[in-house]
Amino acid sequence: MLEPISISLESLNLGTLAPMVIAIIGAISILLTDLFNKNKHKSLYVMLVILFLVFDLFTLLAFTGEERGLFDIMLLDGIAILSQCIIIGGSILFIFLGLSKLRFQDFRHAEYFALYLFMVAGFQFMVSSDSLILIFVGLETASLALYTMIAMHNRMVSIEAAIKYFTMGALAAAFFVFGSMIFYAITGSLELAQISQVLSEQNYLSADNFSNYIMVLVGFVFMFAALGFKLSLFPFHTWVPDVYSGSTSALAGFMSVIPKMAGFVVALRFFDVFVHSGDTIVHFMLYITVILTMTIPNLIALQQTDIKRMLAYSSVSNAGMAMAAVLIGTHQATNALFLYWVLFTVTNFGAFGMLWLNRGKEYKDYNSPYTFKKFSGLAQISPFTASILGLFLFALTGLPPFALFWGKMYLVSSAVNAGEIALAVIIVLNSAIAAYYYLRPISYMFLRDPEEGANTRFMQNASTPMKSVVGFAVFLAITSIFYVQPLLDVISYYVSSAGF
């Protein structure tokens with residue numbers, strides 16, 4: 001007769017689940033609020049999202065228990081805490097853009113804000129585990145919510161974007177599951193720490209152990225492709241410009257930073273064993289992918305005549321630069337990854353936020369309101385608007401003293417210190433290429449006259465809360481020199497505590 005299983009709540013360490021549970025409770029609360037009162041204004045739901053995310057963040061920072069929980073599949077280590085802070089902080093910034101002046105279809109529904117919290121919880125689960133099962137559950141929870149939110153904009157171009165993103169996401173999910181299955185067959189585990197241990201002890205990463213080595217490579221290729229889709233690495237980046245074009249600027253800006261932060265943490269945990277194994281084939285694959293991801297989208301961005309599509313390709317290139325830190329694999333490079341992404345989050349939020357503030361309702365499907373020509377002579381029409389947008393484009397270029405300069409400098413420094421001189425040179429060259437296409441819209445705004453017959457109304461969608469939060473991003477972008485070192489100290493503390 002089987003003995004009854006006895007599990008104590010203390011052994012489950014449910015405190016590791018608390019931050020995600022708060023986000024989920026927040027999502028359910030919003031749905032229940034809407035169920036009993038249909039006439040609530042959207043600002044209530046925005047405030048509820050912010051309230052629950054702030055509570056989520058405080059709960060995360062107050063956690064002092066054991067890092068393992070829930071049958072050891074939860075892992076709330078330094079990397080998980082650091083990345084969750086970036087995810088929650090970025091999510092709080094972007095939800096302020098929901099307080100738009102104009103009424104749009106997606107913000108009229110409480111479900112949009114509930115899905116937003118479910119999505120954030122999914123990303124939190126992704127970074128707070130080294131179990132491939134829980135990572136997959138978090139990934140799909142977040143992805144399904146994101147597909148729906150894109151389609152809720154209720155335009156043909158948005159529905160097309162959601163279908164494209166769903167198709168690519170389904171393919172990535174299939175690759176992830178197949179890769180996980182192969183690693184389970186080889187190692188007997190789905191936890192990345194145990195997979196790493198078995199691969200190292202059994203010498204499966206050696207070409208001498210031919211049959212198992214081939215299987216490991218096949219599993220690596222499937223996982224690499226799955227993460228490539230989620231991080232929009234080359235050549236899996238082809239969906240990015242169309243999906244960003246079909247999404248609102250607020251949601252496109254969110255997608256350019258927050259999901260990728262979750263993806264980088266999974267990549268950091270998964271690629272760690274391969275990067276330090278000295279495997280030539282794996283290193284070559286990663287190296288070529290990083291170089292192509294930085295370079296090809298940059299070259300395509302040179303041909304763009306639309307600011308939003310240009311920023312889409314720019315975000316792909318920046319993901320390649322951050323992925324270079326994973327390839328380098330040193331403690332300094334891991335610090336550089338998080339520093340770079342914090343500064344990129346602030347800068348990209350400002351750029352996409354300014355596009356969202358300047359959004360109108362006068363254009364039809366497949367006609368973008370963000371062409372370079374629309375912004376011609378903006379400095380004559382609204383000098384302040386042109387200056388703020390120009391500032392964020394300068395910041396994305398990586399010019400001192402703006403925020404992203406310090407991130408790029410530290411990333412190049414980590415490459416040089418690791419002996420990756422060629423990689424450092426390629427990062428610098430790509431920054432120079434990016435400078436050209438970032439300066440193109442600035443030249444339209446400041447060096448050209450307004451187009452004849454063009455719409456000269458700007459900041460149509462701007463409300464006081466939105467202008468305030470973009471102003472806060474301006475402050476952070478300009479004063480970055482004062483907080484980079486303290487931020488780096490905090491990052492280094494959490495990264496060191498996680499053993500990276």
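Helices here are runs of at least four residues that DSSP assigns as H or I, and they are numbered from the N terminus. With that in mind, we can walk through this structure, which is a predicted model, beginning with one helix and its two ends.

Helix H13 covers residues 307-328, and its 22 residues reach 32 Å from the first C-alpha to the last, close to the 32 Å expected at 1.5 Å a residue. At the N-terminal end of H13 sits a cap, Asp306, which places a side-chain oxygen 3.0 Å from the backbone nitrogen of Lys308. After H13 comes Gly329, a residue whose phi is positive, near 75°. Between these ends H13 is mostly covered, since 21 of its 22 residues are buried.

A second helix, H11, runs over residues 249-275 and bends by about 35° at Met255, with a proline, Pro259, following within four residues. Of the 27 residues of H11, 26 are buried, so this helix is largely enclosed by the rest of the structure.

Helix H7, residues 156-187, offers a view of a single residue, because Thr187 lies in it. Is Thr187 buried or exposed? Its relative accessible area is 13%, and since buried means under 20%, Thr187 counts as buried. The side chain of Thr187 has a polar atom 2.6 Å from the backbone oxygen of Phe183, and a polar atom of that side chain also lies 3.3 Å from the backbone oxygen of Ser189. The first of these pairings can be set beside a general feature of helices: an α-helix has 3.6 residues a turn, so residues three or four places apart point the same way. Once the neighbours within four places in sequence are left aside, Thr187 is in contact with Ile195, Val198 and Leu199.

Stepping back to the whole protein, we find 20 helices and 2 strands. The C-alpha trace spans about 80 × 60 × 40 Å along its principal axes. A compact globule of 500 residues would have a radius of gyration near 23 Å, and the protein has 23 Å, which agrees. Buried residues make up 59% of the 500 residues, while the surface that the protein exposes comes to about 19500 Å², with carbon and sulfur atoms supplying 67% of it. Finally, how do contacts relate to distance along the sequence? Among contacts between residues at least 6 apart in sequence, 82% join residues at least 24 apart.

How values were computed. Residues numbered from 1 in each chain as written. Predicted model: local features only at pLDDT ≥ 70, side-chain atom pairs only at ≥ 80, totals over all residues. Heavy atoms only, no water. Expected span 1.5 Å × (residues − 1). Buried < 20%, exposed > 50% of the residue type's maximum accessible area, 1.4 Å probe, protein only. Polar contact = N/O pair within 3.5 Å; in protein donor to acceptor, adjacent residues only side chain to side chain. Bend = angle between axes of the 7 residues up to and from the residue. Rg over C-alpha atoms; globule rule 2.2 N^0.38 Å. Contact = heavy atoms within 4.5 Å. Areas by Shrake-Rupley, 256 points an atom, 1.4 Å probe, with all protein chains shown as cover.
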